[in-house]
Amino acid sequence: MMGQEKKPIEEVLDSLDGKKKIAVIGCGGCSTVFHTGGIEEVNEMAEILTKQGKKVTPIGLPFAVFACYKPFSSMFVEKFKKDLKECDAVLMMSCGDGLQTIREILDEELGVEKPIYPATNALGVSGGGPAKFIEKCQACGDCVVGKTAGICPLTECPKGLLNGPCGGTRQDGKCEVDPEKDCAWNLIYNRLKNIGELDKINNFVESHDWSKVTRPRVFEREPLDIHKHLGRTKEVIESLGI
Ligand code: SF4
Ligand code: SF4
């Protein structure tokens, strides 16, 4: 998911300077997990802005409704079309991906072109939880972790070495750049050994093809039947007794 943090409130208030009516939109995906734009945070922000004398429409998206997934988020956002039409600005409590998806919904689907400001800084693709998340992937477009024991050398190694270690690894197995951190290539070596694939340590990995990261990348996929998938989710959750 997309790691993220709240922007300082002073920066948010600065961006809304001179705007009276504000629609605050959250995200039921990563922003809920990171406490940057769940329903609770949207309501808190609404309270802060109200105290600043602004007229606020809070639009919280429930858990699992990702702001960045248009077919889902637009179903919720369009219910507030009237408020969105009347507002002076939109404050978006999600990553930049969610913000721009909502901007497109406003501009192209609802015909409501408004200034839109971020309340959040996106920090990178990360995984883990419930409390600690670590950046694990740079979405490089050509995954090599099948050769490196399921550990990403581009992200885990500060030098992004595809063939390692660098020669600076500390005697205790820590990284030359950060003595608090395990050397990625030490981890890769040990895990290759544990899974019986140590011979792979000698295989040369070609330089990464960064042309696969030429931006913006565009992907075409068959659209999902949301209701069918929600039904399946419910079935599986019930069958597992979760
Ligand atoms: S090699 Fe690393 S950055 Fe690239 S896709 Fe795999 S995990 Fe992500
Ligand atoms: S010590 Fe290991 S993790 Fe650190 S820079 Fe060198 S190879 Fe990368």
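In what order do the three strands of the open sheet stand? In this predicted model, the order is β1-β6-β7, and the strands pair in an antiparallel way. The strands at the edges are β1 (2–6) and β7 (133–135); each has a single partner strand, so one side of each is left without a neighbour in the sheet. Direction ignored, neighbouring strands here are turned by 60° against each other on average. As background, strands of a sheet pair through backbone hydrogen bonds, and they can be parallel or antiparallel.

Let's look at one of these pairings. Strand β6 covers residues 120–128, and three bridges join it to β7. One residue to find on your screen is G128, whose bridge partner in β7 is F133.

**The nonpolar cores**

Now for the interior. In soluble globular proteins, nonpolar side chains tend to be buried together. Here, the largest nonpolar core has 35 residues, and V24, I25, L91 and M93 have the most contacts inside it. Several elements each supply at least two residues of this core: the strands β2 (21–25), β3 (55–59) and β4 (89–92), together with the helices α3 (39–51) and α6 (96–109).

Which residues does V24 touch, leaving aside its neighbours within four places in sequence? The contacts of V24 are V42, M45, A46, V56, P58, I59, L91 and M93. There is also a second, separate core, made of nine residues, and it includes C175, C183, A184 and L187.

**Around the two ligands**

The residues around ligand 1 are C137, Q138, A139, C140, C143, V144, V145, C152, L154 and T155. Ligand 2 is surrounded by 15 residues, and the closest are C157, P165, C166, C175 and C183. The table sorts both shells by residue class.

| Shell | Nonpolar | Polar | Charged |
|---|---|---|---|
| Ligand 1 | eight residues | two residues | no residues |
| Ligand 2 | 10 residues | three residues | two residues |

Two of the names beside ligand 2, C175 and C183, also belong to the second core.

**A residue in a loop**

Finally, try finding D178, which lies in the loop between α7 (153–156) and α8 (184–194). Is D178 buried or exposed? It counts as exposed, because D178 has 10 C-beta neighbours inside 10 Å, and a residue with 12 or fewer is classed that way. From C-alpha to C-alpha, D178 and L154 are 16 Å apart in space, while 24 residues separate them in sequence. You have met L154 already, among the residues around ligand 1.

Conventions:
Residues numbered from 1 in each chain as written. Chains lettered and ligands numbered in written order. Predicted model: local features only at pLDDT ≥ 70, side-chain atom pairs only at ≥ 80, totals over all residues. Near = placed C-beta within 6 Å. Nonpolar A, V, L, I, M, F, W, Y, C, P; charged D, E, K, R; others polar. Pairing = 2+ DSSP bridges. Helix = DSSP H or I, 4+ residues; strand = E, 2+ residues; numbered from the N terminus. Axes fitted to C-alpha atoms, helices over the stretch in contact; angles between N-to-C directions. Core = buried A, V, L, I, M, F, W, Y, C linked by C-beta atoms within 7 Å. Buried ≥ 20, exposed ≤ 12 C-beta atoms within 10 Å, placed from the backbone. Contact = placed C-beta atoms within 7 Å.
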